[in-house]
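Q: Can you walk me through how to read an interface and a ring pair? I'd like the general idea and then the case in front of us.

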Amino acid sequence: MTNIYAVILAAGQGTRMKSKLYKVLHPVCGKPMVEHVIDHIGMLDVQKIVTVVGHGAELVKETLGEKSEYVLQAEQLGTAHAVLQAKPILSELEGTTLVVCGDTPLIRPETMQALFAHHEKQQAKATILTAVAENPTGYGRILRDAQGQVSQIVEQKDATSEQQLVQEINTGTYCFDNQALFAALKQVNNDNAQGEYYLPDVIEILQKQGEIVSAYVTDNFDETLGVNDRFALSQAEEFMRARINERHMRNGVTIINPATTHISADAIIGSDSVILPGVIIEGKTVIGEDCHIGPNSHIAESTIGNGTSIHSSVVFNSRVGNETSVGPFAHLRPESSLGNHVKIGNFVEVKKSTLGDDTKVSHLSYIGDAEIGKNVNVGCGSITVNYDGKNKFKTIIEDNVFVGCNSNLVAPVKLEKGSFIAAGSTITKEVPEDAFAIARARQENKLNYVSKLNSK
Ligand code: UD1
Ligand code: CA
């Protein structure tokens, strides 16, 4: 078994993005490009992953965390110079080194594996992943000799007009014999249009030494897209979105309109769930089976049980149980947790609160910093008054409580088991178990008063 190592190039600023954010951190389907690359590599049997960082080094390291080792390229002198920075970690090792750019988030692990298999089979010292592009502008072109063997890669800016007609491009992904790579890197110079040390020059160096240099042509150019500007970023987003949606559909999820459905790379959705148009599902959200995720719902970093419906609503960093119904037009803010068979109706906002099984808040309420038990009914327009302008306070509502419409529950306050709050009450004191609380002005009827007023 050959040992495999990976080097990810992620030190560039990404000038063409015209952004304050370093290029490789721009998200595609909600995840930074370079993290897609590293996650794909992580699916292969790789002994070591080394990421070359430079611009935004700290932020890149923070984003990728333990998924990689890091080397610093203090000055960005080119892709060959970038790989050379991994020398202290890799140069003594035997095996194959996979080099991938941090700005090619779409290359699938299967394709990297096929590249590696081809490299092994050819017993090559270097194998380039290439593709045929309809419009190859901007990419390095693959030059082949009369026998069809790869001889050189020429960059766009160094290519003659004839070479620019070549449609076979360098995807920026390669397999190298590790030791041959580091030996050849020493010989790369920067005598070219950009004054940079080009990694692709290693190909010509090895070829001239009589080593076997090979290319593995993938038939899917879209997958090899390198993101250099915002237009390419939008294309990458589109390809990735289509790929993610297809995976869910093949797993048994119905997506009514994939073109308007945005699901993050790391979301999980159970079978027979239906996703309606305009839905955005972000982060590591988990949605169970048989759910109905309504039009234009936005769900991030949340867990939704089975058979639950989220209709035109926003759910952030929350948990929702089974057979629960949320919306339309509800907002679950972070750290909310709903049990099973719960109903959150229209224009209800829930923040940092737990609601037990079978509890209902059906209309026009604000529930903040509350702990609500099972089978509680919170009437229309009821509010937890959780904030005095300085501090937040907790509301506790125990099982089987009935809160009448338009009640204000001034926290800190507790409504004990089975108590009943009359509509329109402003509750400021604890309500004991089984008690009926009424806290509103008594009604007074002034008889025959309206006509009296009118006659004045
Ligand atoms: C590079 C290839 C080109 C290929 C294309 C595929 C070179 C010289 N050219 O061109 O043949 O067709 O990728 O997408 O390699 N980086 C560093 N340090 C540096 C320079 C770059 O870490 O000093 C990193 C960048 O952050 C980026 C990657 O290397 O992730 C590629 O650099 P980029 O400038 O985008 O190269 P391209 O011009 O796209
Ligand atoms: Ca690039």
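**Reading the domain contact**

A: Sure, starting with area: the size of an interface is often given as the accessible area lost when the parts come together. Here, domain 2 and domain 3 bury about 750 Å² between them, with 39% coming from carbon and sulfur atoms (accessible area uses a 1.4 Å probe, and the loss is summed over both parts). This is a predicted model, where local features need pLDDT of at least 70 and side-chain atom pairs count only at pLDDT 80 or more, while totals for chains, interfaces and linings use all residues. Residues are numbered from 1 along each chain as its sequence is written, and side-chain values use heavy atoms, leaving out hydrogens and water.

Q: Into which domains is the protein divided?

A: You get domain 1 (4-224), domain 2 (252-343) and domain 3 (353-456), with bounds from an automatic or database domain assignment. Ten residues from domain 2 and eleven residues from domain 3 make the contact (heavy atoms within 4.5 Å).

Q: How many salt bridges are there between domain 2 and domain 3?

A: Zero (the rule wants a side-chain nitrogen of Lys or Arg within 4 Å of a carboxyl oxygen of Asp or Glu).

Q: And how do I read a ring pair?

A: A pair of aromatic rings is described by the distance of the centres and the angle of the planes. The structure holds five aromatic pairs (Phe, Tyr or six-membered Trp rings with centres within 6.5 Å; planes under 30 degrees apart are stacked, over 60 edge-to-face, the rest tilted). One of them is Tyr139 with Phe221, edge-to-face at 5.8 Å centre to centre and 80 degrees between the planes.

Technical notes. Chains lettered and ligands numbered in written order. Buried area = accessible area lost by both parts, 1.4 Å probe.
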